[in-house]
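Subject: Structure handover and notes

Hi,

Here is the structure I promised to pass on to you. My notes on what turned up follow right below it, and I hope they save you some time.

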Amino acid sequence: MRRLHLIAGLLLVTVIGGAVLMSYLWLPFAPDDTSGGRLTPPGGDHWLGTDKLGRDLFSQLLVGGRIALGTALGAVTVGGLLGVLFGLLAGFASRWLDDAVAVALDILIAFPTLLLAMLIVAGFGASLGAAVLAIGLAMAAIVARLTRILVKQVLSKDFVTAARISGISWPRIVLTHVLPNIWPVVLVNLALQAGLAVLAEASLSYLGLGTPPPNASWGRMLFEAQATVLTAPVAAIAPGVALVALVIGINLTADGLRDLADPTRRRSR
Amino acid sequence: MKRAWIAVAAASALLLTACGDGGESTPTDGASAIINVGSVYEPQNLDNTAGGGQGVTEALNGNVYEGLFRLTDAGTVEPLLATAHTVSEDGLTYTFTLAQGVTFHSGKALTSADVKASIERVTAETSKSARRSNLSVISAIATPDDRTVTVTLSKPSISFVYHLSYVWIVNTAAGDLSTTADGTGPYKLGEWKRGATLSLTRNDAYWGASKAKNAGAVYHYYTDATALNNALLTNAIDVVTSEQSPDALAQFESNPLYTINEGTSTTKLLLAFNDRVAPFDKPQVRKAVSAAIDNAKLLTSIWGEYGTLIGSMVPPGDPWYEDLTSVNAYDVEAAKKLLAEGGVGGGFTFTLDTPNYDPHPTAATFIKSELAKIGVTVEINTITSDEWYTKVYQQRDFQATMQEHVNDRDVVWYGNPDFYWGYSNATVTDLVAQAEAAKTEADQAALLKQANKIIAEEAASDWLYLYPQIVVASSSLSGYPLNGRNSQFFVYDIVKS
């Protein structure tokens with residue numbers, strides 16, 4: 001049953017990921033080709049119709065997928081590297097430093113991602129990089145808190161004490177004892193966060209804080225389709241469905257991965 | 001985990017929907033009816049000399065406040081608080097006679113001192129009124145008696161009376177006019193709930209011959225056009241002052257309960273070049289860019305079958321209108337040639353500062369794809385309206401920008417080399433000055449026509465199109481203004497049957 005989650009999730013992610021990769025080789029129309037006519041209904045050359053400017057919506061959707069997946073990967077990289085690094089530091093730090101980091105992380109987590117993004121956008125201007133940075137930073141706080149707790153658990157284990165007594169250096173202990181014991185949980189968490197990152201980017205672009213036009217982010221497509229939702233519903237439905245499918249796909253994959261990584265749950269089935 | 005992605009799906013569904021207000025209609029009609037007006041232009045504050053924006057004009061101009069003259073919805077200037085005026089032979093001294101028995105809403109009688117104080121509010125150093133520079137020709141204001149005001153100008157100004165129609169006559173002793181109001185109009189200010197509504201109640205002690213034909217009006221403010229239209233569909237409002245997109249109109253077109261009106265607008269969408277900086281300091285480059293953009297296609301993209309093409313800053317409602325759409329008309333080959341003549345035949349890259357609200361991002365996207373065809377790369381930089389005001393309007397730190405200009409008779413800004421777009425042509429400046437000093441309106445029109453032709457031929461800006469002005473109202477409503485002239489919206493003649 002749980003395997004089904006993983007398979008369904010991987011299938012969704014693979015189909016979307018494959019379509020996006022294909023978009024680098026072939027697109028039905030160039031993203032800035034405005035020859036399609038205003039709000040042409042789906043059918044014929046334009047499988048999903050066109051937008052107000054006459055651009056092919058299917059091509060826009062594929063190009064938007066690059067931004068969605070790119071954001072997920074970028075934010076996970078930023079969030080994962082920073083989060084694990086700070087989590088390790090806090091886990092190993094002396095009592096007062098650990099407390100200070102914990103408080104700082106709690107504040108960062110309590111700070112809404114959108115507000116953080118607005119601050120960053122105010123500083124750097126609205127761009128995909130700023131959005132990825134904002135989402136990555138918000139993610140880093142969550143990952144760091146998780147890593148810190150996991151590290152503390154591992155450090156209290158007897159085999160770590162044994163390693164320390166036998167004079168093994170801290171970096172070595174991290175590499176051979178800590179990381180191997182925490183990576184499955186961190187990885188599953190990162191996968192879950194990737195789904196949220198896709199949604200966060202769509203929200204930011206919807207609000208005009210993400211990728212600037214003419215880039216076709218799914219959030220921006222939803223925003224643009226809003227005014228024409230009565231006359232051209234497909235323009236709103238298509239990016240909405242793509243967004244939901246990708247996020248559900250990522251979450252199902254994470255769900256399945258967690259079961260694989262957790263031996264106790266696997267045995268109980 | 002299941003719960004987590006149900007939440008995800010629900011959140012995405014929320015992105016797709018926009019909801020209207022709960023419908024509540026007022027059962028009364030005729031003189032006891034309250035007119036519910038829907039708009040997207042909420043005032044920033046209630047003072048038109050303190051940057052209240054077009055919302056304050058829409059709600060208060062002519063309704064709560066009156067000027068010495070009124071700019072009618074048709075664009076003519078007629079006497080209001082000044083029942084008569086004379087101009088001296090040299091055109092420098094204006095003598096105004098005030099209407100009799102006029103009182104402010106507070107009960108205070110209108111005197112010439114109030115008129116003097118009201119004009120000085122607009123010309124004051126701190127005033128943010130767009131008419132401040134127009135009225136700087138005033139050298140002295142005298143009040144020989146309570147009903148007479150004499151204004152002396154430093155040079156003749158044929159538009160002086162027109163400019164006075166923008167000046168609210170206020171009771172300056174009424175307190176902070178950015179949050180309260182005391183005018184002479186057919187309505188008193190009711191309650192202003194920020195972010196929601198602004199109400200007006202009929203002034204039963206109105207001095208004029210005809211009082212308001214309804215008991216009051218409530219302006220309902222929406223930030224989203226879909227919510228605005230839903231409010232009309234659910235009878236929460238009776239009329240929408242100006243529709244923001246043609247696609248929402250389909251739901252009203254076939255419905256006999258609603259009437260769609262297309263008036264004549266004065267709102268122009270501009271691609272404004274910074275004419276001071278390279279390469280836009282060269283007319284050939286500006287002409288090339290103008291000729292490379294298919295304005296007709298852009299207009300259709302954004303407004304469907306509504307809207308009008310203009311070839312210059314002058315809308316058809318202005319007395320000096322001339323059809324100049326054939327000047328720098330769409331022609332990609334000509335554009336390439338002009339680009340080479342301007343010394344940038346290989347193309348160039350520029351940043352387009354684009355306000356982040358509709359239709360600017362869509363139009364900027366279109367411009368980017370059009371200019372790519374002549375080798376010009378556009379980098380779209382989206383900014384908020386506040387940023388636009390400081391970066392573009394005040395600091396002039398831009399290469400090109402987009403903006404809508406709402407007023408009529410505003411081609412004269414091209415005669416001012418200090419304006420934000422920095423267009424500087426001595427002949428034009430001179431013609432605009434001569435027009436202002438003209439003896440007759442026919443002379444003024446002829447001179448401005450001449451100036452406008454030069455401005456258009458040099459492509460000082462690219463005038464993309466003239467917005468349509470679309471008012472949608474419940475079919476039971478009559479007497480509402482159609483043209484939204486300078487974003488005014490007089491509610492006093494509206495009758496609900």
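Seven strands of chain B form an open sheet with mixed pairing, in the order β8-β9-β10-β1-β11-β18-β12. Two strands count as paired if DSSP finds at least two bridges between them, and the elements are DSSP runs numbered from the N terminus: helices are H or I with at least four residues, strands are E with at least two. The edges are held by β8 (187–193) and β12 (258–263) of chain B; each has a single partner strand, so one side of each is left without a neighbour in the sheet.

Before going further, please note that this is a predicted model, in which local features need pLDDT of at least 70 and side-chain atom pairs count only at pLDDT 80 or more, while totals for chains, interfaces and linings use all residues. Residues are numbered from 1 along each chain as its sequence is written, and chains are lettered from A and ligands numbered from 1 in the order in which they are written.

Back to the sheet. β8(B) and β9(B) pair antiparallel over five bridges, with Lys193(B) partnered by Thr197(B). Their hairpin has three residues between the strands, and there Gly195(B) takes a positive phi near 85 degrees. On its way along residues 197–202, β9(B) alternates: Leu198(B), Leu200(B) and Arg202(B) point to one face and are buried, whereas Thr197(B), Ser199(B) and Thr201(B) point to the other and are not. (Buried means 20 or more other C-beta atoms within 10 Å of the residue's own, exposed means 12 or fewer, and partly exposed is in between; C-beta atoms are placed from the backbone.) β9(B) also pairs with β10(B), again antiparallel and over five bridges, and Leu200(B) stands opposite Ala217(B) there. Further along, two bridges join β11(B) to β18(B) in the antiparallel sense, one partnership being Val239(B) with Ala473(B).

α5(B) lies across β1, β10, β11 and β18 of chain B, at about 155 degrees to β1(B). (Axes are lines fitted to C-alpha atoms, for helices over the stretch in contact, and angles run from 0 to 180 degrees between N-to-C directions.) Its buried residues are Thr226(B), Leu228(B), Asn229(B), Asn230(B), Ala231(B) and Leu232(B). What covers them includes those four strands and also α8 of chain A. After α5(B) comes Asn235(B), with a positive phi near 65 degrees.

What about α8(B)? Seven of its nine residues are buried, so α8(B) is largely enclosed by the rest of the structure. The buried residues pack against α10 and β17 (462–466) of chain B. The axes of α8(B) and α10(B) come within 11 Å and cross at roughly 145 degrees. Leu298(B), Ser301(B) and Ile302(B) of α8(B) meet Thr362(B), Ala363(B) and Phe366(B) of α10(B), where contact means C-beta atoms, placed from the backbone, within 7 Å. Gly304(B) follows α8(B) and has a positive phi near 60 degrees.

In chain A, α2(A) and α7(A) pack at an angle of about 145 degrees, their axes 8 Å apart. The residues of this contact comprise 15 nonpolar, four polar and one charged. (Ala, Val, Leu, Ile, Met, Phe, Trp, Tyr, Cys and Pro count as nonpolar, Asp, Glu, Lys and Arg as charged, and the others, Gly among them, as polar.)

The largest nonpolar core has 74 residues, and those with the most contacts inside it are Ala134(A), Ile135(A), Ala197(A) and Val198(A). (A nonpolar core is a set of buried Ala, Val, Leu, Ile, Met, Phe, Trp, Tyr and Cys residues joined through C-beta atoms within 7 Å.) Apart from it lies another core of 65 residues, including Phe96(B) and Tyr480(B). Not counting residues up to four places away in sequence, Ala134(A) touches Thr113(A), Leu116(A), Ala117(A) and Ile120(A).

Finally, the two chains meet in a contact that takes 33 residues from chain B and 30 residues from chain A. Among the elements of chain B that each supply at least two residues to its side are α1, α5, α8 and α10. That side divides into 18 nonpolar, 13 polar and two charged residues.

Happy browsing, and best wishes
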